[in-house]
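Open the model in your viewer and keep the selection panel at hand. We will go from the whole chain to single residues.

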Amino acid sequence: MTDDGFRFRVLGPMQVLRDGAELRICASRELAILASLVLNAGRAVSVDRLIETVWTESAPSSARRQIAICVSRLRRVLGAGVIETSSPGYLIRPAPDSIDWLRFQSLVARSRGEAAGKNREQAVRLLREALALWRGNPFEDIRGLRYDVARMEESRLEAAEACLELEIELGHHHEVIPELLALIAEHPFRERVRAQLMLAQYRAGRRADALRTYQETRRYLRDQIGLEPGPALRHLHERILRDESGLMRQPAHRAGMVVVPSQLPPRVLPFVGRGEELAALDAVLRPDPEMALPGTTVLSGPAGIGKTALALRWAHDRADWFPDGHLFADLGDTEPAAVLGRFLRALGVPRADIPADLDEKVALFRSWTARRRMVVVLDRARDAAQVLPLLPGGANCRVIVTSTDPLDELVARQGAHREFVRPLAAEAARELAGLLAGPAGAQAVTDLLACSCGNPLRLRMGAARIRSLSVTPAPG
């Protein structure tokens, strides 16, 4: 099969896209058949296997004919050349990277090679990119693929465990503890994850918590299945009790320099007022792992009201909160794919390693920002669809979006905080007018205030006109 713009997403609710547009396949039998073909891409799937996938153990006598009908319907939706007839059944031949499950496997395999070569940071980035491809539980309504689903889920868990183990080796033990706790709540019998949590807690100076985690694990396993923890977990418990020095080994040396982008434009000067707005931004954008903060704030208001100036003032004043970098994009009519390309290059991703596909760009961006403490300023956003792909993946990343639109969808879908930026208060407007007017005098300040209605851009434009008119042309 040639590319033809197809993308098959199976790491979550199944989706088929062609040139970025989703193809609607609503019938459950057609979805089950296509899912089986996608999971076995490049290999023929027998009609008997497809019958088992669709009906498990209760297939009707007309099952073979119904399979042929379903394949015919799929061909009408996808195009005649996508599904080939190949004894003893059918197959599809996908283009490279057109199936997210195959891309996931490729990234995981590459990460193993990087880890074997002691390039742990690159291995983590690859694993984060792979894990970011998952959008939910695959094939929840297709009983005939339950064994495939179990295999896929096991691969996801193994990748997550490998990633967390590497991050602990790199010294990120503080950052991974919340993720380990969530993984244990989801899969309580995974002893490897519980061991990782104990080690991370110990290295974070929480020895009592590490010992408590072991006791809770032991009690849970005995209550649920009547067994003691395995030898690896027991041995780690004994080492923690003895405070063995090997448990506190230093994180691996980082190869190369970490790129720290600093893209913020200069502050807009002079700047007055906005004390309440700056305090509100402090409250909701402070990187605090102990608090569930929204991470994204929308500054909404009419053109010229000072949204960009406010965002830049705060971002510059709080630059030390974000030691891993400051990204900026004037969205305007710019598409997310172009912005992501610039962001990835600024973060140090080689141009040749940046994928063309938007979803893959998003996954790579979020994997590179997953462990960073950064601020991203997205200026002049049109709508939520333009912003959503540009949201970073790190819990300690913060985003400020400015827009004349209230971006209700971003607030609803992402829980973003929103501040409506209003005209300057009378005293602040007068102060700004005085600074802008300079030697032009009190009447100029009065004129500026009268025509601006507290809009900073109008004040600045009016002051610029006053100054240009006051310049005496030189004699010819």
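The stops below cover the chain, its nonpolar cores and one helix.

**Whole chain.** Start with everything shown; this is a predicted model. Colour by secondary structure: there are 19 helices and eleven strands. Of the 476 residues in the chain, 48% are buried. Switch to a surface. The chain exposes about 23,500 Å², and carbon and sulfur atoms supply 52% of that area. Now consider contacts with a sequence separation of 6 or more: residues 24 or more positions apart account for 67% of them.

**Largest core.** Which residues touch the most other members of the largest nonpolar core? Select I67 and F104; this core has 76 residues. Then add helix α6, residues 146–169, which gives the most to this core, with eight residues. Nonpolar side chains tend to be buried together in soluble globular proteins.

**Around I67.** Zoom in on I67. Leaving aside residues up to four places away in sequence, I67 touches I33, V47, L50, I51, V54, W55 and Y90.

**Second core.** Move to L327, A346, V349 and W368. They are among the 31 residues of a second, separate core.

**Helix α5.** Select residues 120–131. How far apart are the end C-alpha atoms of α5? They are 16 Å apart, which agrees with the span expected for twelve residues at 1.5 Å a residue. Ten of the twelve residues in α5 are buried, so defined by under 20% relative accessible area. Among them are E121, R125, R128 and E129, along with L126 and L127. To see what covers the buried residues of α5, show α4 (100–116), α6, α7 (173–186) and α14 (358–369), which are included in that cover.

Technical notes:
Residues numbered from 1 in each chain as written. Predicted model: local features only at pLDDT ≥ 70, side-chain atom pairs only at ≥ 80, totals over all residues. Heavy atoms only, no water. Core = buried A, V, L, I, M, F, W, Y, C linked by side-chain atoms within 4.5 Å. Buried < 20%, exposed > 50% of the residue type's maximum accessible area, 1.4 Å probe, protein only. Helix = DSSP H or I, 4+ residues; strand = E, 2+ residues; numbered from the N terminus. Contact = heavy atoms within 4.5 Å. Expected span 1.5 Å × (residues − 1). Areas by Shrake-Rupley, 256 points an atom, 1.4 Å probe, with all protein chains shown as cover.
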